[in-house]
Amino acid sequence: MTSPILPVQNLGRLYDLPRTRLFSGIPPLEAMLNLEKTLNTSANLFIKRDDCTELTFGGNKVRQLEFYLGEAITQQADTILITGAVQSNFVRLAAAGARKLGMDCHIQLEERVKKSNSDYHKSGNVFLDHLLGATMHSYPVGEDEYGADQQLQTIANELRVDGKTPYIIPLSPEHPPLGALGYVVAAQEILEQLDRQQLEIDEIVVASGSGATHSGLLFGLRALGSNIGVTGICVRRAKGDQMSRISDKCREIATMLDIENPVVNSDIVLDDAFLEPGYGQAGKDCVDAIKLCARTEALILDPTYTGKAMAGFIHRAKSLDTSQSLLFIHTGGAPAIFAYMDDLA
Ligand SMILES: *Cc1c(COP(=O)(O)O)cnc(C)c1O
């Protein structure tokens, strides 16, 4: 059975923590019959449309931001600070959420991806960041989570001198993964939705980047007594590194919720076969997956996250010879395709 076995009380303090709703309704969970047919698989394929989370083109970060911005409100913040890759969806949605709540937003864009064309630096999410009127900062170093956080602190201190009350959404893994709680909530939502739709799912496939989505989802499922498998497709770093990040995050979620960690190491399943050529760069499998899903299901996937995750999902669907049911989480990211037209055309 995939329906929730244990009551929500098993999620500890989840619904007592500060949270602000940024979308209403429940993103659809539906079958992908055309893709199923095209792949000629005996697996049943489903998708959860978390790209339809309403706020400014949607995505998984809307759920994550409900907890960050909820905390920002309790601290009476008036300015949100966030750092991310140039085409970050998180950054775009933080700016959107801030606007919705009547706050300002300072954005720091890191040069993590070796792409020098003008689309990458001007179109897609960057264009939306400007349109949302965010104050932009640049961080020239690529992979430097601690340095990027430190520079946000410097900007925050300057804002305080000007009488502002800044709230920082941190990047480095030493901070509690508040955003993961959005996917503990999502786990409950998905279990209830499967129950209502009388569906049973064997395995969920999701992009694993910072790991907030992956760890929150896995934690929520296990805390509610579900043993649906969760496979994280690595989009940011290789399996070994990602494994310890997910297990650390699960421990930290347990601390935040003040419950025991229900996730054991064997629950953490990762596949890094689709990571190449690296973060923010689309390989052939990724581009093929993006085109296939557009042409079979009219789904728009992105080159950094969902295209790679879908390549992993397709691989999984093809390798199953039984009629198992697989669920893909569409985590959003569509605006970024306009920054990658050179790879996708
Ligand atoms: C950030 C992001 C992810 C990865 O989510 P994490 O919680 O960082 O692992 C996946 N898909 C899209 C579209 C994203 O923007």
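1. A convenient place to enter this predicted model is T304, which is buried, with a relative accessible area of 6%. Its place in the chain is the loop between α10 (284–297) and α11 (306–319), and, leaving aside residues up to four places away in sequence, T304 touches V235, Y279, G280 and Y340. With one of these residues, Y340, the side chain of T304 also makes a polar contact through the side chain, at 3.4 Å.

2. For the wider setting, the UniProt annotation "domain: Tryptophan synthase beta chain-like PALP", which comes from an unreviewed entry, covers residues 27–332. Over residues 27–332 the chain is 45% helix and 17% strand, and the C-alpha atoms at the two ends are 12 Å apart. The points below take up two helices, the surroundings of a ligand and some backbone details.

3. Helix α2, residues 60–74, has 15 residues and reaches 23 Å from its first C-alpha to its last, which is close to the 21 Å expected at 1.5 Å a residue. The reader who follows the helix along its length should note that α2 bends by about 30° at E66.

4. How far is α2 enclosed by the rest of the structure? Of its 15 residues, 12 are buried, so α2 is largely enclosed. The buried residues include N60, K61, V62 and R63 at one part of the list, and also E66, the residue named above for the bend, as well as F67, Y68 and A72. Among the elements that cover the buried residues of α2 are the strands β2 (44–48), β3 (79–85) and β6 (166–169), together with the helices α3 (89–100), α7 (180–196) and α8 (212–223).

5. Within α2, R63 deserves a closer look, since this residue lies in the helix and, at 2% relative accessibility, counts as buried because the limit for that term is under 20%. A polar contact of 2.8 Å joins the side chain of R63 to the side chain of D50. Residues up to four places away in sequence not being counted, R63 touches F23, P27, K48, D50, G182, Y183, A186 and E189.

6. Another residue of α2, K61, brings the ligand into view: there are 15 residues around the ligand, and K61, G209, S210, T213 and T331 come nearest. A polar side-chain atom of K61 lies 2.9 Å from an oxygen atom of the ligand. For S210, a polar side-chain atom lies 2.7 Å from an oxygen atom of the ligand, and for T213 an N or O atom in the side chain is 2.7 Å from an oxygen atom of the ligand.

7. Helix α3 is among the elements that cover α2, and α2 is in turn among those that cover the buried residues of α3, along with β3, β4 (104–110), α5 (125–131) and β6. The 12 residues of α3 should span 16 Å at 1.5 Å a residue, and its end C-alpha atoms are 16 Å apart, which agrees. This helix is mostly covered, with 10 of its 12 residues buried, and the buried residues include N89, F90, V91, R92 and L93. At the start of α3, a side-chain oxygen of S88 reaches to within 3.2 Å of the backbone nitrogen of F90.

8. Some backbone angles merit attention when the model is inspected. Most residues other than glycine have a negative phi, and most peptide bonds are trans. Q76, which follows α2 and is found in the loop between α2 and β3, has a positive phi of about 55° although it is not a glycine. Is Q76 buried or exposed? Q76 is exposed, with a relative accessible area of 67%.

9. Q198 also has a positive phi, near 55°, in a residue other than glycine. The place of Q198 is the loop between α7 and β7 (203–208), and Q198 is exposed, with a relative accessible area of 74%. A positive phi, near 75°, is found as well at G102, which follows α3.

10. Finally, which peptide bond is cis? The bond from E276 to P277 is cis, with omega near 0°, and P277 lies in the loop between β9 (269–271) and α10.

Definitions and conventions:
Residues numbered from 1 in each chain as written. Predicted model: local features only at pLDDT ≥ 70, side-chain atom pairs only at ≥ 80, totals over all residues. Heavy atoms only, no water. UniProt positions renumbered as here; feature names shortened; annotations may be inferred. Helix = DSSP H or I, 4+ residues; strand = E, 2+ residues; numbered from the N terminus. Expected span 1.5 Å × (residues − 1). Bend = angle between axes of the 7 residues up to and from the residue. Buried < 20%, exposed > 50% of the residue type's maximum accessible area, 1.4 Å probe, protein only. Contact = heavy atoms within 4.5 Å. Polar contact = N/O pair within 3.5 Å; in protein donor to acceptor, adjacent residues only side chain to side chain. Near = heavy atom within 4 Å.
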